[in-house]
Amino acid sequence: MKIVFRVVNTILTIVLTVLLIINLWFLVSHFALKQNPPQFFGFSPLTVASGSMAPSIQVGDMILIKQSTDFAVGDVVTYRKDGTLITHKIVSVSGQTVVTQGTANMVSDAPIQSDQIVGTVVVVVPRLGMIFGFLRTPVGLLLMILLVIICFKLNDLFKTRRRAKKRI
């Protein structure tokens with residue numbers, strides 16, 4: 001049982017530490033480097049805020065977009081319009097003009113220019129956006145830091161108890 005707890009603690013510590021590092025990178029990217037959306041190796045995780053792409057992409061889902069200038073009709077892309085990021089499917093391309101539409105919408109969006117496209121959606125993870133959204137808040141970040149510290153302290157406690165038993 002002790003071995004299982006140590007293994008779970010180690011895995012949890014690693015996962016939380018990686019999440020903390022990525023979260024801190026996104027904060028630095030957004031505020032210091034002025035990247036919007038923040039990127040990690042050319043990828044950006046975003047949380048879906050509207051139901052315009054339902055049922056394939058729901059509110060609260062996390063989408064991972066890859067920076068790209070290569071897209072075609074049928075691709076789901078994220079583009080910038082008036083400072084807002086919108087994720088819709090491409091329904092037509094004519095030169096540099098692109099027309100998109102949310103799958104839940106009855107009409108197409110106003111045409112955009114291809115340089116407004118930020119990237120192409122490569123992964124959709126149901127409901128994970130809500131969790132990542134929380135972890136990006138000050139309370140979520142603080143909670144993640146505290147959990148990492150607790151995991152490290154538990155690991156130290158087990159090491160100390162193991163050394164004490166070996167001395168006996």
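# A tour from Pro55 to the pockets

Select Pro55, which lies in the loop between β1 and β2. Helices (H or I, at least four residues) and strands (E, at least two) are DSSP runs, numbered from the N terminus. The model is predicted, so local features need pLDDT of at least 70 and side-chain atom pairs count only at pLDDT 80 or more, while totals for chains, interfaces and linings use all residues. Residues are numbered from 1 along each chain as its sequence is written, and side-chain values use heavy atoms, with hydrogens and water left out.

Stay at Pro55 and display the backbone. The peptide bond that joins Ala54 and Pro55 is cis, with omega of about 5°. Next, select Asp82, in the loop between β3 and β4. Asp82 is not a glycine, yet has a positive phi of about 55°. Most residues other than glycine have a negative phi, and most peptide bonds are trans.

**Colour by confidence**

pLDDT is the predictor's confidence in each residue, from 0 to 100. The protein chain has a mean pLDDT of 87, and 96% of its residues reach 70 or more. Among the elements of the chain, the highest mean, 98, belongs to β5 and the lowest, 78, to α1.

**The sheet**

Show the strands. Seven of them make an open sheet in the order β1-β2-β7-β3-β4-β5-β6, with antiparallel pairing. β1 (43-47) and β6 (112-113) are at the edges with a single partner strand each, so one side of each has no neighbour in the sheet. Two strands count as paired if DSSP finds at least two bridges between them. Strands of a sheet pair through backbone hydrogen bonds, either parallel or antiparallel.

Select β3 (residues 76-81), which runs antiparallel to β4 and is joined to it by six bridges. In this pair, Tyr79 stands opposite Ile86 in β4. β3 and β4 form a hairpin with two residues between them, and Asp82 is in the turn. β3 is also joined to β7 (residues 117-125), by three antiparallel bridges. There, Thr78 stands opposite Gly119 in β7.

Move on to β4 (residues 84-94) and β5, an antiparallel pair with five bridges. Lys89 has Gln101 in β5 as its bridge partner.

**Gln101**

Centre on Gln101, in strand β5 (residues 97-101). Which residues is Gln101 in contact with, leaving aside its neighbours within four places in sequence? They are Met53, His88, Lys89, Val91, Met106, Val107, Ser108 and Asp109, where contact means heavy atoms within 4.5 Å. A polar atom of the Gln101 side chain lies 2.8 Å from the backbone oxygen of Asn105. A polar contact is a pair of N or O atoms within 3.5 Å; within protein, one must be able to donate a hydrogen and the other to accept it, and residues adjacent in sequence count only if both atoms are side-chain atoms.

**Pockets and the cavity**

Both are found on a 1 Å grid over the protein atoms alone: a cavity is a set of points where a 1.4 Å probe fits but cannot get out, a pocket is an open set with protein on both sides within 12 Å along at least five of seven lines, and lining residues have an atom within 4 Å of a point. Grid points are joined across faces, edges and corners, and a volume is the space filled by probe spheres set on the points.

Select Pro45, Leu46, Thr47, Val48 and Leu85. The largest pocket has a volume of about 540 Å³, and these five are the closest to its centre among the 24 residues that line it. α1 gives the most to this lining, five residues. The lining divides into 14 nonpolar, nine polar and one charged; Ala, Val, Leu, Ile, Met, Phe, Trp, Tyr, Cys and Pro count as nonpolar, Asp, Glu, Lys and Arg as charged, and the others, Gly among them, as polar.

The second largest pocket holds about 160 Å³ of space. Its lining is Leu19, Ile22, Phe26, Phe40, Phe43, Pro45, Met62, Leu64, Leu128 and Phe132. α1, β1, β2 (62-67) and α2 each give two or more residues to this lining. By class, the lining is 10 nonpolar, no polar and no charged.

The last stop is the cavity. The structure holds one cavity of 30 Å³ or more, with about 60 Å³ of space in the largest. Select Leu19, Ile22, Asn23, Phe26, Phe132, Leu135, Arg136 and Met144 to show its lining. α1 (2-31) and α2 (128-135) are the elements that give two or more residues to it, and α1 has the largest share, four. The cavity lining divides into six nonpolar, one polar and one charged.
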